[in-house]
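Colleague: Before we rely on any label attached to this model, I would like to go through the labels one at a time and hear what each rests on.
Modeller: Then let us look at the structure together and take your questions in turn.

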Amino acid sequence: MWFHVDRSIQKTLTQQIYEQLRNSILNGELNRDVKLPSTRELSTSIGVSRNIVLEVYNQLVDEGYLIVRPRSGTFVAPGSSLIKLTTNESKVEIKKQNKGYTDVIDFRAATPAMDHFPRKVWGRLAKEVCYEAPDQLFGYHSPEGLVELKEELSRYLLRTRGVVSDPAQIIITSGATQALSLITELLLKENQLVAVEDPVTDEMRTIFSYGGATIIPVPVDDKGIQPEFLSEDTPPSFIFILPSHQFPLGGTLTIQRRIQLIEYARKFNCYIVEDDYDSEFTYEGTPVHSVQGLDPERVLYVGTFSKILSPALRIGYVVLPEPLIEECKKLKWYTDRHHPSLEQLMLTRFIKEGFLDRHIRKMKRIYKQRREALVSSLKNHFPDSRILGHAAGMHLVVEIPSVDFNGELLDWIKKYSIQIYPVEYYSIIKGLHNHKIVLGYGGLAVEKIEEGVSRLSMAIKSYKK
Ligand SMILES: Cc1ncc(COP(=O)(O)O)c(C=O)c1O
């Protein structure tokens, strides 16, 4: 038995020997009933004092890894090994198989350009808020969020999205994720049915099913959700929609369908939950206003700063119809009391001092360039491809009729160190979108986008050849 000890590191010798011996027992290298050397023998072979080994043995006996048999010695106790799961090994295996690329180009959708976060301004605001905010800001606050932020948001949403709200209707949440989780709890009282677009973001759909919902898929085409497929016999408690830029297919919901949805919600006394996650970034035409603006009593409007600024901030919000406000505040309170106040104040100043508008203008230019690079690369490498949806947001869907993106091909593509996302992955009813993939471009520089599409083309050409 041999242990390596390093006297130049901060960890004590006892800790080093303890961890190595414990790991050897846990991973099964030292089987049950193996007899350990005496403390004298082991200390001499490692070159440490006997007291250290004694301390390690005692600790492992106390924890149950070792047992002492009188007059026989110290043994590994039965039942002390735990077989390791192989997830990491298979990841390593995939890496080993790749074609020698050192980086992975990940076309994950909805990832903003992290290299453009306004660090300087945010850092300055953090310092200012910390030094200048009144003492009272450092205490507890009410669950709905800071009034100053809600007032700024209310003005911003009216100006940019046509959202009609009194600041009292807004609750600041930990991203859209928490807003949707609170909404699920709030609305799934008697009726557990939730109608969702199909295909749709799996993450958001899972929030509802984890919350106890039965999911009813409603088909989507290039103009968004198709309201005529909503059931008249079993209406849901709410309909979840992404009307500005459907995820993943990218359609913008027509005014006729918006009206149809509202009429349905009124008739069957249910709500519409509108997730407006990336509508700030529209590259053609003028952005269509929110559905909430058409009927603030029927629509819960959810927004987030994850795409405009960064998901790391974890700041989102929900604008509620008046009758739901008090109950939602209670739910927020029992979940996490309230959103961190310092960050709320920093964001308030960020909006008030004009940085948000400036940042959005800048990012719109950058995302537009990235999108154009992606579209033209796709056209070069796949002349038969078709881009779906509205030019907006941070992702697009491309259909390549000659390619069936089945599991085997997707595994093959991974060898080229690129990650792409088939639309089928987001579909509830399977088999309708085999030739389509989602490509996110927000977090990738132009060179990476071009390189990624070129690798995709090489991967597809070399498949089964
Ligand atoms: C449809 C949709 N809405 C909202 C979000 C943002 O979630 P959050 O605000 O919790 O970061 C995402 C994240 O990927 C999303 O896909």
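**What the labels rest on**

Modeller: Let me begin with Leu-294, which has a relative accessible area of 41% and is called partly exposed; bear in mind that this is a predicted model.

Colleague: Why is Leu-294 called partly exposed?

Modeller: Buried means under 20% and exposed means over 50%; Leu-294 has 41%, so it is partly exposed. The residue lies in the loop between strand 9 (271–275) and strand 10 (299–304).

Colleague: What makes Leu-294 part of a nonpolar patch, and which residues form that patch with it?

Modeller: A patch residue needs over 30% relative accessible area, and the 41% of Leu-294 therefore meets that cut-off. Its partners are Ile-255 and Ile-259, and together the three have about 240 Å² of accessible area on the surface.

Colleague: How do you know that strand 9 and strand 10 pair, and in which sense?

Modeller: Pairing requires at least two bridges, and strand 9 and strand 10 have 4, so they count as paired, in the parallel sense. Within this pair, Glu-274 stands opposite Tyr-301 in strand 10. Both strands belong to an open sheet of 8 strands with mixed pairing, in the order 4-11-10-9-8-5-6-7. What makes strand 4 (170–173) and strand 7 (224–225) the edge strands is that each pairs on one side only.

Colleague: What makes strand 1 and strand 2 a pair, and in which sense do they run?

Modeller: Strand 1 (residues 66–69) and strand 2 (residues 73–76) share 4 bridges where at least two are needed, so they too are paired, here in the antiparallel sense. Val-68 stands opposite Thr-74 in strand 2, and among the 3 residues between the strands of this hairpin, Arg-71 takes a positive phi near 65 degrees.

Colleague: How do you know that Thr-177 makes a polar contact with the ligand?

Modeller: The cut-off for a pair of N or O atoms is 3.5 Å, and a polar side-chain atom of Thr-177 lies 2.5 Å from an oxygen atom of the ligand, so the pair qualifies. By the same cut-off, a polar backbone atom of Ala-176 qualifies at 2.7 Å from a ligand oxygen, as does an N or O atom in the side chain of Arg-314 at 2.8 Å. The protein covers 92% of the 400 Å² of accessible area that the ligand has on its own.

Colleague: How many residues surround the ligand?

Modeller: There are 13, and the closest are Ala-176, Thr-177, Asp-275, Thr-304 and Ser-306.

Terms used: Residues numbered from 1 in each chain as written. Predicted model: local features only at pLDDT ≥ 70, side-chain atom pairs only at ≥ 80, totals over all residues. Heavy atoms only, no water. Patch = residues over 30% accessible without salt bridge, like charges linked within 9 Å, V, L, I, M, F, W, Y side chains within 5 Å. Areas by Shrake-Rupley, 256 points an atom, 1.4 Å probe, with all protein chains shown as cover. Salt bridge = Lys/Arg side-chain N within 4 Å of Asp/Glu carboxyl O. Buried < 20%, exposed > 50% of the residue type's maximum accessible area, 1.4 Å probe, protein only. Near = heavy atom within 4 Å. Polar contact = N/O pair within 3.5 Å; in protein donor to acceptor, adjacent residues only side chain to side chain.
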